[in-house]
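Biologist: I'd like to go through this one label by label. Can you tell me what stands behind each word you use?

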Amino acid sequence: KNLKKMPVATPSVFEWRQCVELGYADGPDSNDDMAPPVCFNCGKSEGKTKLLRCSKCQVARYCSRECQVANWKKGPGGGHKFSCDAYKRVGEDMMVVMPDEKESARKDIFQRIRFYACPYFVYRSQVTNKRGFLFLQSDSTLAEMSLPVPILANGRPMTKIRGILMHFLTMEEYNNELCKDDFEMFTVKNELQSAVENYKESEELAVMMRFRCGHMAVGITQLMPNYALCETLGKEYYEHAGTAVQLNIDDV
């Protein structure tokens, strides 16, 4: 389903209740994480000429000064100028390590999808007439999803779509379905239950995120846009959609 693009607004504010590492996967997957690096601008591989690194992030590489200057403002996503900090966060190993960096990565991801995720949450909560939480899961790692563009730290394009599957689930469904198939989901049960019971219905939503790398987080954030607009957009976007909705993060 094609969704209209929404304008950028103020940053999302989260109250994170719990974060855990389940260790599902670590290191390279179907993407070419371990392939030799190439120039971020022209794609040239390192040969006789040594690739230069961006002095700020120490990740992006370039075959020449000209390529670096060209990529700074005119590359994918508006240029490396707007993605340099994100590459510094994931490093050349494509892993987010520090807790504060994981928090900023989660916020960046939610920031990109909130104009679709929040209306979906409001719509599904009204349809079910129950309190629940927004379950966001991805077959990509936290590091992969947190980058503004689908380019790996080695300069090569990601080979799989960066998708997020959205569900609205009640605690009953969480206990009977999610935990039945994955007992490790029980590790966040208490904090998730608290988040579902305590979010302000007309202002906030409870969220659980899970990524392929095993990173999982539970928290509460504010609705964006406001509740009334979420009602309108939710019906427009999701009245004829299924109970679960797949988002391609590079299309929003």
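Modeller: Sure. Let's start with Gln-126, which has its place in helix α3, residues 99–128. Keep in mind that this is a predicted model.

Biologist: Why is Gln-126 called partly exposed?

Modeller: Its relative accessibility is 35%. Buried means under 20% and exposed means over 50%, so Gln-126 at 35% counts as partly exposed.

Biologist: And what makes Tyr-227 and Glu-231 contacts of Gln-126?

Modeller: A contact needs heavy atoms within 4.5 Å. Leaving aside neighbours within four places in sequence, Gln-126 is in contact with Tyr-227 and Glu-231. Glu-231 sits 105 residues away along the chain, and its C-alpha atom is 8.8 Å from that of Gln-126.

Biologist: Glu-103 next. Which label does Glu-103 get, and why?

Modeller: Glu-103 is also found in helix α3. With 33% relative accessibility, Glu-103 falls between the 20% and 50% cut-offs, so it counts as partly exposed. The C-alpha atoms of Glu-103 and Met-216 are 11 Å apart, with the two positions 113 residues apart along the chain.

Biologist: What about Asn-129: buried, partly exposed or exposed?

Modeller: Asn-129 lies in the loop between α3 and β4. Its relative accessibility is 69%, and exposed means over 50%, so Asn-129 is exposed. Its phi is near 55°, a positive value in a residue other than glycine.

Biologist: Where else is there a positive phi in a residue other than glycine?

Modeller: Gln-58 has one, with phi near 60°. Gln-58 is in the loop between β2 (52–53) and β3 (61–62). Its relative accessible area is 42%, which lies between the cut-offs of 20% and 50%, so Gln-58 is partly exposed.

Biologist: Which peptide bond is cis?

Modeller: The one from Met-224 to Pro-225, with omega near 5°. Pro-225 is found in the loop between β7 and α7 (227–238).

Biologist: On to helix α6. How do you know that its buried residues line one face?

Modeller: In α6, residues 189–198, the buried ones are Leu-192, Ala-195 and Val-196. Seen down the helix axis, the buried residues fall within an arc of 95°, so they line one face of α6. On the other side, Asn-190 and Glu-197 are exposed.

Biologist: What covers the buried residues of α6?

Modeller: The cover includes strands β1 (14–21), β4 (133–137), β6 (204–210) and β7 (215–222), along with helix α5 (171–181).

Biologist: What makes you call β4 mostly covered?

Modeller: Four of the five residues in β4 are buried, and buried means under 20% relative accessible area.

Biologist: How do you know that β4 pairs with β5 and β6?

Modeller: Two strands pair if DSSP finds at least two bridges between them. β4 and β5 have five bridges and run antiparallel, while β4 and β6 have four and pair in the parallel sense. Both counts reach the cut-off, so both are pairs. Phe-133 stands opposite Leu-169 in β5, and the bridge partner of Leu-136 in β6 is Met-209.

Biologist: Which strand do four antiparallel bridges join to β5?

Modeller: That's β8, joined to β5 (residues 163–169). Leu-165 has Gln-246 in β8 as its bridge partner. Along β8, residues 245–248, the side chains alternate: Val-245 and Leu-247 point to one face and are buried, whereas Gln-246 and Asn-248 point to the other and are not.

Biologist: Now the empty space. What makes the cavity a cavity rather than a pocket?

Modeller: In a cavity a 1.4 Å probe fits but cannot get out, whereas a pocket is open. The count comes to one cavity of 30 Å³ or more, and the largest cavity has a volume of about 30 Å³. Its lining includes Leu-136 and Met-209, and β4 and β6 each supply at least two lining residues.

Biologist: And which residues lie nearest the centre of the largest pocket?

Modeller: Phe-82, Ser-83, Ala-86, Asp-108 and Pro-148, out of 18 lining residues. The pocket's volume is about 360 Å³. By class, the lining has seven nonpolar, five polar and six charged residues. Helices α2 (84–90), α3 and α4 (142–146) each supply at least two of them.

Conventions: Residues numbered from 1 in each chain as written. Predicted model: local features only at pLDDT ≥ 70, side-chain atom pairs only at ≥ 80, totals over all residues. Heavy atoms only, no water. Buried < 20%, exposed > 50% of the residue type's maximum accessible area, 1.4 Å probe, protein only. Arc of directions from axis to C-beta. 1 Å grid on protein atoms, 1.4 Å probe; cavity = no way out; pocket = protein on both sides within 12 Å on 5 of 7 lines; lining within 4 Å. Points joined across faces, edges and corners; volume = space filled by probe spheres on them. Nonpolar A, V, L, I, M, F, W, Y, C, P; charged D, E, K, R; others polar.
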